[in-house]
Amino acid sequence: MNTQKAKPVNFSKTTITELMIPSYANFGGKIHGGILLSLIDKVAYACASKHAGNYCVTVSVDNVDFLEPVEVGDLVHLRAAVVHVGNSSLVVGINVIAENVKENTVKKTNNSYVTMVAKGDDDKPTQVPALILESQEEVRLFLEAIKRKELKKDFRSKIKEVSAVIMDEAHEELLQHERCVLDLKKFTL
């Protein structure tokens with residue numbers, strides 16, 4: 001590992017703040033989840049590209065849990081930090097905070113992890129600098145990212161197993177107590 005190229009987590013920490021305007025709202029008067037996803041992707045790109053020194057593309061978005069609604073008029077702060085790097089990949093951790101300036105309140109509305117891949121001038125994946133971990137929290141987040149990667153791999157494997165056996169008669173038993181109706185005349189398994 002080339003430690004001269006290594007960069008600390010603080011090097012690429014990025015915060016984006018945006019005012020939530022009426023055109024971002026859904027019919028219920030709350031901010032669309034898609035608006036927040038777009039902002040999450042934007043801050044992940046800014047953070048990852050700064051660390052990588054290259055253009056980065058989104059590979060996956062994990063753990064987007066909408067914990068609290070965001071209101072029109074809130075200032076939304078998206079705080080991003082690289083929490084893990086692979087060879088060409090980076091995992092960016094993002095916390096989303098909504099601030100109501102009128103009421104002087106803040107609430108955590110989302111947290112998410114976005115995996116990005118750095119691209120070189122040839123548009124192929126390119127190596128990213130190593131990550132310098134300077135606190136126990138940074139070490140914890142790095143190790144959690146490794147575990148999430150393992151769990152994601154296991155999950156994909158288990159879904160393939162389920163897909164393979166779903167074609168036998170077991171699917172009827174699995175669906176028996178679910179809120180669905182099998183109409184096998186319409187399709188063939």
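1. A residue counts as exposed when its relative accessible area is over 50%, and that cut-off is needed for the two loop residues taken up here, in what is a predicted model. N104 has a relative accessible area of 68% and is therefore exposed. Its place in the chain is the loop between β5 and β6, and its phi is near 55 degrees, a positive value in a residue other than glycine. Most residues other than glycine have a negative phi.

2. D123 also deserves a look, since its phi is near 65 degrees, again a positive value in a residue other than glycine. D123 belongs to the loop between β6 and β7, the latter strand covering residues 131-132. Is D123 buried or exposed? With 51% relative accessibility, D123 counts as exposed, because the cut-off is over 50%.

3. Turning to the pockets, the largest pocket has a volume of about 370 Å³. Of the 22 residues that line it, those closest to the centre are A81, V83, G93, N95 and L141. Two or more lining residues come from each of β2 (14-19), β4 (75-85), β5 (89-100), β6 (105-119) and α3 (136-165). Sorted by class, the lining of the largest pocket holds nine nonpolar, seven polar and six charged residues.

4. The second largest pocket contains about 310 Å³ of space, and of the 15 residues lining this pocket, S60, V91, T115, K149 and K152 are the closest to its centre. At least two residues of this lining are supplied by each of β3 (55-62), β5, β6 and α3. Which element gives the largest share of the lining of the second largest pocket? That element is α3, which contributes six residues. By class, the lining of the second largest pocket has five nonpolar, four polar and six charged residues.

5. Some side-chain contacts with aromatic rings can be checked directly in the structure. R148 lies over the face of Y113, at 3.5 Å from the ring centre, while K50 lies over the face of F11, at 5.6 Å from the ring centre. For a charge to sit over a ring, the distance must be within 6 Å of the ring centre, so the 5.6 Å of K50 satisfies the distance part of that rule. As for rings that pair with each other, where the centres must lie within 6.5 Å, the count comes to one aromatic pair.

Note on methods: Residues numbered from 1 in each chain as written. Predicted model: local features only at pLDDT ≥ 70, side-chain atom pairs only at ≥ 80, totals over all residues. Heavy atoms only, no water. Phe/Tyr/Trp six-rings, centres within 6.5 Å; stacked < 30°, edge-to-face > 60°. Lys NZ or Arg CZ within 6 Å of the ring centre and 35° of its normal. 1 Å grid on protein atoms, 1.4 Å probe; cavity = no way out; pocket = protein on both sides within 12 Å on 5 of 7 lines; lining within 4 Å. Points joined across faces, edges and corners; volume = space filled by probe spheres on them. Helix = DSSP H or I, 4+ residues; strand = E, 2+ residues; numbered from the N terminus. Nonpolar A, V, L, I, M, F, W, Y, C, P; charged D, E, K, R; others polar. Buried < 20%, exposed > 50% of the residue type's maximum accessible area, 1.4 Å probe, protein only.
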